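I opened my notebook to look up a few things in this structure. Come along and check each entry with me.

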Amino acid sequence: MTPPNNNEALAAILADPRSKKGALLDILHRVQEAYGYIPQEAVEAIAGHFGTTPADIHGVVTFYAELRTTPPAKKLIGVCQGPACHLRGSQKLKEALEAGLEGADVEVRDAQCVGTCQLAPMIWLDEEQEEAVGNIALEDVPRIVEDIKPH
Ligand code: FES
C-alpha cells in the first residue's frame, strides 16, 4: 500500500486515458486500491479533474459501502452475517468483539457466508478469510480479544 502523501499513484490514475468523465467510480476504486482508502487530497484532486466540488465527490464516496475515507486498520476480523450465523448470534458476537477491541487498530467487519454454516457462528481472523474459527460463543470473546490485541 502506498502512503497517502505519495501522490504519484493518484497522478497516474487521473492521467490514465480511462479516467475520463463517467469513470468516477472506477477512479475511486483505483485510488482505494493504491492507498487503501480515499484520502481527502484525492477527493480534492478528483473534484478538480471532473470540475466539481469535493463535497460532491465525498458524497459519492460515502454512498458506496466498499469505499472508505479512513486508512484501514492493521488487522481485520470478519464476522459472518449469513442466515445461519445470524440465527446463532453473530450480531451480538460482533458487538462484543467491537467492544473488546475498542482502541486497538482492529476493524470488525461483516463477512458473508462461505458455506461452512454447520460451524455457525463463524469468524475470520484475517482479511483473506482463511483463518476461520467456528462455533464461537460469547464466552469465547475475551480470550479471542486477548489473543488479537497487541501486547
Ligand atoms: S451463514 Fe455463516 S458460514 Fe454460512
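Before the first entry, I noted what a strand is: a DSSP run of E with at least two residues, numbered from the N terminus. I also wrote down that this is a predicted model.

**Entry: one residue in a strand**

I looked up Ala-132 and found that its place is in strand β4, residues 132-133. Is Ala-132 buried or exposed? I found 16 other C-beta atoms within 10 Å of Ala-132, so the residue is partly exposed; buried would need 20 or more, and exposed 12 or fewer.

Next I asked which residues Ala-132 touches, leaving out those up to four places away in sequence. I got Thr-116, Met-122 and Trp-124. I also checked Gly-78, which is 54 residues from Ala-132 along the chain, and the C-alpha atoms of the two are separated by 9.2 Å.

**Entry: two helices**

I moved on to helix α6 (residues 90-100) and helix α7 (residues 141-148). They pack at an angle of about 45°, and their axes are 10 Å apart. That angle makes α6 oblique to α7. I noted the crossing of α6 past α7 as right-handed.

Which residues make the contact? From α6 I listed Leu-93, Ala-96, Leu-97 and Gly-100, and from α7 Val-141, Pro-142 and Val-145. I sorted the residues of this contact into six nonpolar, one polar and no charged.

**Entry: the domains**

Last, I looked up the domain assignment, which gives domain 1 as 8-63 and domain 2 as 75-148. The C-alpha centres of domain 1 and domain 2 lie 32 Å apart.

Terms used: Residues numbered from 1 in each chain as written. Predicted model: local features only at pLDDT ≥ 70, side-chain atom pairs only at ≥ 80, totals over all residues. Axes fitted to C-alpha atoms, helices over the stretch in contact; angles between N-to-C directions. Helix = DSSP H or I, 4+ residues; strand = E, 2+ residues; numbered from the N terminus. Parallel < 35°, antiparallel > 145°, perpendicular 65-115°, else oblique. Left-handed = near helix turned anticlockwise from the far one by under 90°. Contact = placed C-beta atoms within 7 Å. Nonpolar A, V, L, I, M, F, W, Y, C, P; charged D, E, K, R; others polar. Domains from an automatic or database assignment.
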